[in-house]
Amino acid sequence: IYESARPQMVILWRIPGTSMYRNMKQEQAGAFVPNVLIVRIGASMYFANSNYIKDTIQQFVKDLREVNPVEYIVLEMTSVVSVDTTALIVIKDIVAQFRAKDIGVAFAMTGKRVLATLSRSKLIDDIGEHWFLPTVDEAVQYCLRRQYKINSAPTENVGVKSDIPSLPSITLKEEIGFSNEDHHALTSVFVNVSGDPAKVMGRVAACLKDARMTMVRAEVEPIMLSTMKHTYLVKNLDRDGKLNREEIDLLNKGLTEIIHGASILSQETA
């Protein structure tokens with residue numbers, strides 16, 4: 001009863017170089033999406049927990065005021081399989097109260113049952129259907145596109161009820177990310193970079209060798225224009241296992257130099 005009345009409320013942050021979002025307390029290599037708070041609600045919403053959920057979200061916003069000032073909130077709704085009448089009122093209050101502070105609220109991964117309930121109550125119409133997205137990353141991207149639109153055209157009125165045209169992905173850029181949560185025995189390394197993929201991979205392999213690491217698997221795929229997403233599974237040669245924090249920091253330094261060099265070369269050959 002206690003767990004349902006005080007459900008787990010988790011802040012998610014993004015693994016750089018990916019569209020993956022993880023519990024910030026479990027994944028050390030994540031990063032906040034600038035001005036976006038992502039919260040996973042850990043249970044269905046009903047009369048006994050709805051106000052606790054609202055209060056917790058408000059506290060998160062206050063806690064991040066200095067670290068990552070919040071302009072948008074994304075509520076990850078996977079665990080919310082039902083909502084009662086009280087929850088509907090509280091959801092409406094959450095959206096209204098944050099909008100009064102110029103903070104937009106988006107919903108991600110909302111189940112069909114909950115969507116049907118929200119639709120019958122006219123809450124989706126009231127909030128705006130464009131604020132309900134299939135995945136966390138799509139919700140984050142939508143918020144960032146709205147932010148970009150508002151910042152690039154400050155005199156244009158972009159109301160919360162109005163949708164915005166699709167724009168290219170905001171977060172997919174040249175960056176590096178790591179995760180020790182995706183594989184049971186190896187560290188995942190994510191590198192978004194422009195430049196010749198084969199040359200970049202060769203430099204990465206050399207960087208790993210110098211640091212007593214090895215590449216077990218590699219994948220490369222285009223993400224936008226000339227930028228490629230490199231995904232590597234790597235391990236420490238001495239321990240035959242995942243990288244520790246110090247090794248990740250060392251590798252990050254080497255990969256940063258690779259990205260900088262590849263970017264300069266790409267600009268010179270453009």
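Reader: Lys54 is buried, so which side chain of opposite charge is nearest?
Author: The model is predicted. Lys54 lies in helix α2, residues 50-63. Lys54 has no salt bridge. A salt bridge needs a side-chain nitrogen within 4 Å of a carboxyl oxygen, and the nearest side chain of opposite charge is 4.4 Å away: Asp93.

Reader: Which residues does Lys54 touch, not counting those up to four places away in sequence?
Author: Contact here means heavy atoms within 4.5 Å. Asp93, at 4.4 Å, is the nearest side chain of opposite charge to Lys54. The list of residues touched by Lys54 is Val90, Asp93, Ile94 and Gln97.

Reader: How many salt bridges does the count come to?
Author: The cut-off is 4 Å from a side-chain nitrogen of Lys or Arg to a carboxyl oxygen of Asp or Glu. Lys54 has no salt bridge. Arg14 does form one, with Glu175. The count of salt bridges comes to seven.

Reader: How many residues apart are Arg14 and Glu175?
Author: The closest N and O atoms of this salt bridge are 2.5 Å apart. Arg14 is in strand β1, and Glu175 is in strand β7, residues 175-179. The pair links distant parts of the chain, and the separation in residues is 161.

Reader: Are Arg14 and Glu175 buried or exposed?
Author: Buried means under 20% relative accessible area, and exposed means over 50%. Arg14 and Glu175 meet in a salt bridge. Both residues fall in one class: buried.

Reader: Which residue meets Arg212 in a salt bridge?
Author: Arg212 is in the loop between α7 (197-210) and β9 (213-224). Its partner lies in the loop between β10 (227-236) and α8 (245-269), so the pair ties together parts that are 26 residues apart in sequence. The N to O distance is 2.8 Å, and the partner is Asp238.

Reader: Does Arg212 count as buried, partly exposed or exposed?
Author: Phi of Arg212 is near 60°, a positive value in a residue other than glycine. Its salt-bridge partner Asp238 has 55% relative accessibility, so Asp238 counts as exposed. Arg212 has 44% relative accessibility. The exposed class starts over 50% and the buried class is under 20%, so Arg212 counts as partly exposed.

Reader: What is the N to O distance in the salt bridge of Asp249 and Arg245?
Author: Both residues lie in helix α8, four residues apart, about one turn of the helix. Asp249 is partly exposed at 41% relative accessibility. Arg245 is partly exposed at 32%. Their side chains meet at an N to O distance of 3.1 Å.

Reader: What is the order of the six strands in the open sheet?
Author: The pairing in this sheet is mixed. Four bridges join β1 (residues 9-14) to β3, and these run antiparallel. Five bridges join β3 to β4 (residues 72-76), and these run parallel. The order is β2-β1-β3-β4-β5-β6.

Reader: Which are the edge strands?
Author: The open sheet has six strands. An edge strand pairs on one side only. The edge strands are β2 (21-23) and β6 (132-133).

Reader: Which residue of β4 stands opposite Arg40?
Author: Arg40 in β3 is the bridge partner of Val10. On the β4 side, Leu37 stands opposite Ile73. Arg40 stands opposite Glu76.

Reader: Is the β-α-β crossover from β3 through α2 to β4 right-handed or left-handed?
Author: β3 and β4 run parallel, joined by five bridges. The chain crosses from β3 through α2 to β4, and this crossover is right-handed.

Reader: How many of the six residues of strand β3 are buried?
Author: The strand covers residues 36-41. Asn35 lies in the loop between β2 and β3, and Asn35 is buried at 18% relative accessible area. Strand β3 is mostly covered, and the number of its residues that are buried is five.

Reader: How many disulfides does the count come to?
Author: Cys143 counts as buried at 0% relative accessibility. Cys207 is buried too, with a relative accessible area of 15%. A disulfide needs two cysteine sulfur atoms within 2.5 Å, and the count comes to zero.

Conventions:
Residues numbered from 1 in each chain as written. Predicted model: local features only at pLDDT ≥ 70, side-chain atom pairs only at ≥ 80, totals over all residues. Heavy atoms only, no water. Helix = DSSP H or I, 4+ residues; strand = E, 2+ residues; numbered from the N terminus. Buried < 20%, exposed > 50% of the residue type's maximum accessible area, 1.4 Å probe, protein only. Lys, Arg positive; Asp, Glu negative; His and termini not counted. Pairing = 2+ DSSP bridges. Right-handed = clockwise from strand over helix to strand, strands pointing away.
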